[in-house]
Amino acid sequence: MTVPTSPRIETHPDILALRAHSEETTATTAAQAVEALALLCGVYLAASPWIVGFGFATNLAINNLIVGIAFACLVGGFGSAYERTHAMSWAAVGLALWTIVSPWVVAGHALVTAFATRAVVSNVVIGALCCLIALACARMGLGKGTLGRGTPGGRR
C-alpha cells in the first residue's frame, strides 16, 4: 500500500476558506430570513390549490404540489449545506419561472372557469416572489470575498 505524499483535499486552504465563507454567509440574519421565506413560499405553493380554491384543476393542483415541495426541499438545504447546494439556487429560479407559466402550460383550456383568475394570480405572484428569493439565495454566494475574483480568498 502506498502512502499519500500530499495532504488530503479536505485540508486544502481554498476548501477551508470556501467552507468558512459558506458558514459565515448562512449565519447572518438576512440569510436565515431568506431561507425561512423561501421555505414558506414553497409550502404555500404546494398548498395553494386548496387555499385559493382551484384544487379541482387536477393537473395544475398536482403541478403546484410537486413544484412547491421541490422548491421547499431545495431551499431547505441551503442553511445546513450551503457550500454544496448554493449552485442549485439556479434550479430554484427555474422552478419559480415554471410556476409563473404553468397555469397556461399545464391547465391550458381547462382553466376557463371563474377560478382561473385566482389560479393565475396566485401562481404569478408566488412565482415572482420565489424567483426573487431564489435570486437572493444565489446572490448570497457572491459575498464580499468573491465578488469579481476567482476564489473566495481572492486568489486566482
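Start with the cysteines: the structure holds zero disulfides. Keep in mind as you click around that this is a predicted model.

**Stop 1: the cysteine sulfurs**

Select C130 and C41 and show their side chains. The closest cysteine sulfur to that of C130 sits in C41, 4.4 Å away, which is too far for a bond. A disulfide would need the two sulfur atoms within 2.5 Å. Now add C131. Its sulfur has C130 as the closest cysteine partner, but at 8.7 Å that pair is too far for a bond as well.

While these are selected, turn on a surface. Are C130 and C131 buried or exposed? C130 is buried, with a relative accessible area of 1%. C131 also counts as buried, at 14% relative accessibility.

**Stop 2: the whole chain**

Zoom out and switch to cartoon. You'll see six helices and zero strands, so reading from the N terminus the elements simply go α-α-α-α-α-α. Colour by accessibility if your viewer allows: of the 156 residues, 37% count as buried. Contacts also reach a long way along the sequence. Taking those between residues at least 6 apart, 64% join residues at least 24 apart.

**Stop 3: α2 against α6**

Select residues 29–53 for helix α2 and residues 116–140 for helix α6. Their axes are 10 Å apart and the helices pack at an angle of about 160 degrees. That is why α2 counts as roughly antiparallel to α6. Rotate the pair to look at the crossing, where α2 passes α6 in a left-handed way.

Next, show side chains along the contact. On the α2 side, pick out A31, V34, L37, A38, C41, Y44, L45, S48 and V52; facing them from α6 are R118, A119, S122, I126, L129, C130, I133, A136, C137 and M140. By class, this contact has 16 nonpolar, two polar and one charged residues. You've met two of the names already: C41 is on the α2 side and C130 is on the α6 side.

**Stop 4: S48**

Stay in helix α2 and centre on S48. How much of S48 is accessible? Its relative accessible area is 0%, so S48 is buried. Expand the selection to see what it touches: leaving out residues up to four places away in sequence, the partners of S48 are G53, F54, N64 and S122. S122 belongs to the α6 side of the contact you just looked at.

**Stop 5: α5 against α6**

Keep α6 on screen and add helix α5, residues 89–107. This pair packs at an angle of about 170 degrees, with axes 8 Å apart. That makes α5 roughly antiparallel to α6. The residues in this contact split into 19 nonpolar, five polar and no charged.

**Stop 6: A96**

In helix α5, select A96. A96 is buried, with a relative accessible area of 0%. Which residues does A96 contact, once neighbours within four places in sequence are set aside? They are G127, C130 and C131, which brings you back to the cysteines of the opening stop. Draw a C-alpha to C-alpha distance from A96 to C131 and you should get 5.0 Å, though the two are 35 residues apart in sequence.

**Stop 7: C137**

Finish by moving along helix α6 to C137. C137 is buried, its relative accessible area being 1%. For one last distance, join the C-alpha atoms of C137 and S89: they lie 6.1 Å apart in space and 48 residues apart in sequence.

Methods: Residues numbered from 1 in each chain as written. Predicted model: local features only at pLDDT ≥ 70, side-chain atom pairs only at ≥ 80, totals over all residues. Heavy atoms only, no water. Axes fitted to C-alpha atoms, helices over the stretch in contact; angles between N-to-C directions. Helix = DSSP H or I, 4+ residues; strand = E, 2+ residues; numbered from the N terminus. Parallel < 35°, antiparallel > 145°, perpendicular 65-115°, else oblique. Left-handed = near helix turned anticlockwise from the far one by under 90°. Contact = heavy atoms within 4.5 Å. Nonpolar A, V, L, I, M, F, W, Y, C, P; charged D, E, K, R; others polar. Buried < 20%, exposed > 50% of the residue type's maximum accessible area, 1.4 Å probe, protein only.
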